[in-house]
Amino acid sequence: MDNNIIEVKNLKVYFKLKNIFGKKKNLVVKAVDGVSFEIKEGEILSLVGESGSGKTTTGKALLQLVNCEFDVLKFQGKEMDLTKKGLNSFRQKAQMIYQDPYQSLNPRQQIIDIVTEPLEVNKLISSEEERLKRAKEALEQAGLKPGEDYFFRYPYELSGGQRQRVVIASSMIMSPKFIVADEPVSMLDASIRTGILKLMIELKEKNNLAYLFITHDLSLAWLISDRIAIMYLGKIMEIGEANIIINEGVHPYTKALIRVMPKAGVKRDGLRDVLEGEVPNPTSINSGCKFCNRCPLATEICFEQEPEMKRIGKNHYAACHKLEENSEE
Amino acid sequence: MRRKFIIKKTMYAIITVFIVLIFNYILFRILPGDPLSMIMRNPRATPEMVDTVSALYGLDKPWYTQFIMYFQNMLHGDLGMSFVYKSSVTGVIATKILPTLWMLGMAEIIAIIVGIFLGIVAAANRGTKIDVGTLGFSLVTYSMPTFWLGIIMVSVFCVGLRIFPVGGMQSPGMSFAGEGAQLLDILHHSVLPIITMSILLIGEYALTMRNTLMDVLEEDYILTAKAKGFSRKYILRKHAVPNAMLPMITIIAINLGLVIGGAIQIETVFSWPGLGSLMYESLSARDYPLLQGLFLLITISVVLANYLTDITYSYIDPRVKD
């Protein structure tokens, strides 16, 4: 059985720091340091982590938008073709949706041009009528009805939610199979979020899409995703089915995140048990577990040796020395 | 919506010109020095003679009457008599305006084209040797003193290599066989000042273009375009450069407005018979009417250039409307 839409093993993105003269210093920022996961067709995997944990970089690396290293990168079961031609056909099937719809639309393009640009560049339409028809379809599919009302408007004339719908419409026009959604609702008003999320899920059901959903909001990830991966400083700490991560998360970092999740109907007594300290400077990471200096359970081994991914349960893995491997079904 | 915007901008432009007019008038009157003695250049003039000349130029009337007279005459297109040239200011300026427009206009056009091109090349190859080279060239030429480069150019190409004439716009004391020959002579004289001026201007355009383009290339919509599989060239041409051109238009407009004012230094170095030399001359001779006329011209062209920029913006940048 191999219906993985995308599969990556040991993905690494390192940034070398330069000093002001452009000379390379020996400092390396390990933005993504050995990340492995796979996403099945029609599945939503959420990547959750603090800022600076490398979530966005992972998303960009998957779409080959930053220089990266990996052992395996498969798309639709085949090794990724990294030639210009191969990337071009890959990018028609994999799209990205960004956090800030105010930044991700070219301010000087009209909506219709934004939406149909991929078709034109790839020479997939022959006539103006077809262009208008496809644009109308795409906009209406994204919930902008009637589509033709939006054709000749500019992004600045639209609200944040409408812009994000335009972004979605232009990503969907090539009927992609895989979408990296980088905090697609975090810049939007709470009242509009639900609409955009519903739309994304609706499109997923209809087109059998797979999402890599990047967010810092664990409750949101729980709400929409099939599986959740918890990231910290460029590493996946724990990965598993959404319900299992939220209810039976085992990694100390996951537990810390779940403790501060707001819960409906529960009144907290006293202060929240908030994780202490800051995310350490990514250039000065020690050799041990990345989480060791904030971890309440850390012992000597945590500072010296990096933990391996251990199987905790069915489809549930975590990287921690304090956990027992569990291989039974 | 757009009409309202244009009317508003027009009103602003007119008000600006009017305010600058008053400033110009006062500014030259509070300068130290007596215009009468400059006009007459005769230490033994009798009080009657002084009075006559003073009345001729309207200098005997109180300052507010002088101002109203000045304003009335200006509306009739009469900017007064030049103290030095003893003829109408409009006429004096008219003879000098074409050389300046030609020389600086050409220099601007060359600098804009080359500068923008260099800026794009540098930004597209960020961090490479091409970028560093362009950056170095731009910074060096941008910070070079005008007169210094002018003198170097003169000493290399005129004195050393003897390819170009030392100065002026035409060879003196020549009678030309025809207009073609005269034009060729002017062209020959213009090459060096134009090249020098454009070298001095390229830096600013190249640096600004590079910086704005690099900012634009960091924008999310560029990454979006990349993620959609568009080619680098296409993204640069369709998305990045058009958006980076907006701030360029502002600088181009401001510089074009200043073109009229002439470049005093470059015109002096190359003895170019333009507005810059004229301004230098009239300043040292306290020729108020001529200075006023020149400043008026510069003011109007700068205000006009800004006004046209605003209007152009409302057409090319959909976000600017009110």
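**Exercise 1. Across which strands does α9(A) lie, and at about what angle does α9(A) run to β9(A)?**

Before we start, keep in mind that this is a predicted model.

*Step 1.* Look for the strands beneath the helix: α9(A) lies across β9 and β10 of chain A.

*Step 2.* Compare directions: α9(A) runs at about 105 degrees to β9(A).

*Step 3.* Now pick out the buried residues of α9(A), which spans residues 252-259: they are A:Pro252, A:Tyr253, A:Thr254 and A:Leu257.

*Step 4.* Finally, see what these residues pack against. The partners in chain A are the helices α7 (218-224) and α8 (242-248), together with the strands β9 (227-232) and β10 (235-241).

**Exercise 2. Trace the open sheet of chain A and find its edges.**

*Step 1.* Write down the strand order. The open sheet has 8 strands, in the order β6-β7-β8-β3-β9-β10-β12-β11, and its pairing is mixed.

*Step 2.* Find the ends. β6 (94-97) and β11 (309-313) of chain A each have a single partner strand, so one side of each is left without a neighbour in the sheet.

*Step 3.* Check the twist: on average, neighbouring strands of this sheet are turned by 20 degrees against each other, direction ignored.

*Step 4.* Recall the general rule: strands of a sheet pair through backbone hydrogen bonds, either parallel or antiparallel. The next steps take one pair of each kind.

*Step 5.* For the parallel case, take β3(A), residues 44-49, which pairs with β9(A) over 5 bridges. Here A:Gly49 stands opposite A:Met231.

*Step 6.* For the antiparallel case, take β11(A) and β12(A), the latter covering residues 316-319, joined by 4 bridges. A:Gly313 stands opposite A:His316 in this pair.

*Step 7.* Inspect the turn. The hairpin of β11(A) and β12(A) has 2 residues between the strands, and A:Asn315 takes a positive phi near 55 degrees.

**Exercise 3. Describe how helix α3(A) is buried and what follows the helix.**

*Step 1.* List the buried residues of α3(A), residues 111-121: A:Ile111, A:Ile112, A:Ile114, A:Val115, A:Thr116, A:Glu117 and A:Pro118.

*Step 2.* Identify the cover, which includes α4 (128-141) and α5 (160-172) of chain A.

*Step 3.* Step past the helix to A:Lys123, where phi is positive, near 55 degrees.

*Step 4.* Return to A:Val115, which is among the residues that touch the most other members of the largest nonpolar core, a set of 141 residues. Others in that group include A:Leu212 and B:Met197.

*Step 5.* Follow A:Leu212 outward. Leaving aside residues up to four places away in sequence, A:Leu212 touches A:Ile39, A:Leu45, A:Leu47, A:Gly59, A:Leu62 and A:Val180.

**Exercise 4. Work out whether the overall dimensions of chain A agree with a compact globule.**

*Step 1.* Take the expected value: for 329 residues, a compact globule would have a radius of gyration near 20 Å.

*Step 2.* Set this beside chain A, whose 21 Å agrees.

*Step 3.* Add the box: along the principal axes, the C-alpha atoms of chain A fill roughly 70 × 55 × 50 Å.

*Step 4.* Add burial and contacts. In chain A, 41% of the residues are buried. Of the contacts between residues at least 6 apart in sequence, 65% join residues at least 24 apart.

**Exercise 5. Characterise the contact between chains A and B.**

*Step 1.* Count both sides: 20 residues come from chain A and 17 from chain B.

*Step 2.* Locate the contributing helices of chain B: α9 (220-227) and α10 (232-261) each supply at least two residues. α9(B) gives the most, with 6 residues.

*Step 3.* Sort the chain B side by character: 7 residues are nonpolar, 5 polar and 5 charged.

Conventions:
Residues numbered from 1 in each chain as written. Chains lettered and ligands numbered in written order. Predicted model: local features only at pLDDT ≥ 70, side-chain atom pairs only at ≥ 80, totals over all residues. Rg over C-alpha atoms; globule rule 2.2 N^0.38 Å. Buried ≥ 20, exposed ≤ 12 C-beta atoms within 10 Å, placed from the backbone. Contact = placed C-beta atoms within 7 Å. Core = buried A, V, L, I, M, F, W, Y, C linked by C-beta atoms within 7 Å. Nonpolar A, V, L, I, M, F, W, Y, C, P; charged D, E, K, R; others polar. Pairing = 2+ DSSP bridges. Axes fitted to C-alpha atoms, helices over the stretch in contact; angles between N-to-C directions.
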